[in-house]
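Here are a few short exercises on charged side chains, each with a worked solution. Have a look at the structure, then try each task before reading on.

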Amino acid sequence: MIGWEDVYKVIVAMVPLYVALMLGYGSVKWWRIIPREQCDAINRLVCYFTMPLFTFEFTAHIDPFKMNFLFIGADTISKFIIVLVLAFWAKFSSKGSYCWSITSFSLCTLTNALVVGVPMLKAMYGPIGVDLVVQSSVIQAIIWLSLLLFVLEFRRAGIEGATADVIADGGGALKSKATSATTTIISSNNNNINNGFDDVVINGGKDLEATTTTLEIGDDVGRRPPFRKLMKLVWLKLAMNPNSYGCVIGISWAFISNRWNLEMPSIVEGSISIMSKTGTGTAMFSMGIFMALQEKVIACGASKAVFGLVLKFIAGPAAMAISCIAVGLRGDVLRVAIIQAAVPQSITSFIFAKEYGLHPEILSTAVIFGMIVSLPVLIAYYAILEFVH
């Protein structure tokens, strides 16, 4: 049973995150230490340096030979259920959108298990809870964050190709500016721009609204680049992205070190940990900066914030419950699987959303307010699941 001491341990794990968040917020909003034009550089530091090293460090220290493969199978099936539902919605619903499907997948499936999940599940179920949460975090880093990165790069490549066509067809004088204009659009935090170009790639051409100009795009202009060329560009970008290597090298070392009882050289471990230890803190600091640049604290609006919380705390655990029952999980493993699916939103998902310009305001709201809501929600799940046998 969870006691007040256990609740306090969870709060102890969560409060430092909000301290980093408020420092980032204050550095832009109150103290004016970081100029607005330098804010994107902070997120890029996190995305390309601290997060890959953080991912490598925690994946390198697990024992892959002691994983619960039935639990991992159930987790994988739950993700596929969500992917199929979202793909069906995007394809056949009039309100469906592939870009919203990407964000919805992040909300339903990607969790901040190491920070919130470990102390919470340890209090609830002891070592078995911690082991399963760590295993789900490793699989999330290896498979699902890598898949998210691929989809985001694919989307960006499609936008770049469509944008180049738009600018080239808009006039010969603008053709030489296609590359620089594309880069500006991709890195912009203006969601109207991002959503407009999403429509170009997905729907073949719509009115594109930007902050200073409006382009009328015909169906023959906003065309997607050839698939082969698009995939070549995506793989090239992924090959240059350190996030593609962090988890792969980490899990490879985990297999080697546990198979032959090797230890990582202290000079290598120290070189990695000096940056990786800042991963979570700098990510929250970047989120605070992002909040400071928005007009409202809840940048996405109350309705979208509630929608995100519903996906996180209801849709994700429901899919996990279905898959666990399907593979035959029972007892505490079943309970841990469902509760870890309701752990708050992954901070990494916001970093990627910010870098690739896809609904960062929704992911930041899900992280910030999701952690506040998560404590009573997880305790409620724990109490309800005690009646499940």
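## Salt bridges of helix α15

D40 is partly exposed, with a relative accessibility of 28%. Keep in mind that the model is predicted.

**Exercise 1.** Find which side chain meets D40 in a salt bridge, and work out which helices the pair ties together.

*Solution.*
- Step 1: The partner is K354, with 2.7 Å from N to O.
- Step 2: K354 lies in helix α15 (residues 347-356) and D40 in helix α2 (residues 39-60), so the bridge ties together parts that are 314 residues apart in sequence.
- Step 3: Buried means under 20% relative accessible area. K354 has 9% relative accessibility and therefore counts as buried.

**Exercise 2.** Determine how E355 is linked to R44.

*Solution.*
- Step 1: E355 and R44 form a salt bridge, and their closest N and O atoms are 2.5 Å apart.
- Step 2: Because E355 lies in helix α15 and R44 in helix α2, this pair ties together parts that are 311 residues apart in sequence.
- Step 3: E355 is buried at a relative accessible area of 6%, whereas R44 is partly exposed at 43%.

**Exercise 3.** Work out how R156 joins E355 in a salt bridge, and which network results.

*Solution.*
- Step 1: In the salt bridge between R156 and E355, the closest N and O atoms are 3.9 Å apart. The cut-off for a salt bridge is within 4 Å, so this pair counts.
- Step 2: R156 lies in helix α6 (residues 127-169) and E355 in helix α15, so parts 199 residues apart in sequence are tied together.
- Step 3: Both R156 and E355 are buried.
- Step 4: R44, R156 and E355 are thus linked in a network of salt bridges.

Notes: Residues numbered from 1 in each chain as written. Predicted model: local features only at pLDDT ≥ 70, side-chain atom pairs only at ≥ 80, totals over all residues. Heavy atoms only, no water. Helix = DSSP H or I, 4+ residues; strand = E, 2+ residues; numbered from the N terminus. Buried < 20%, exposed > 50% of the residue type's maximum accessible area, 1.4 Å probe, protein only.
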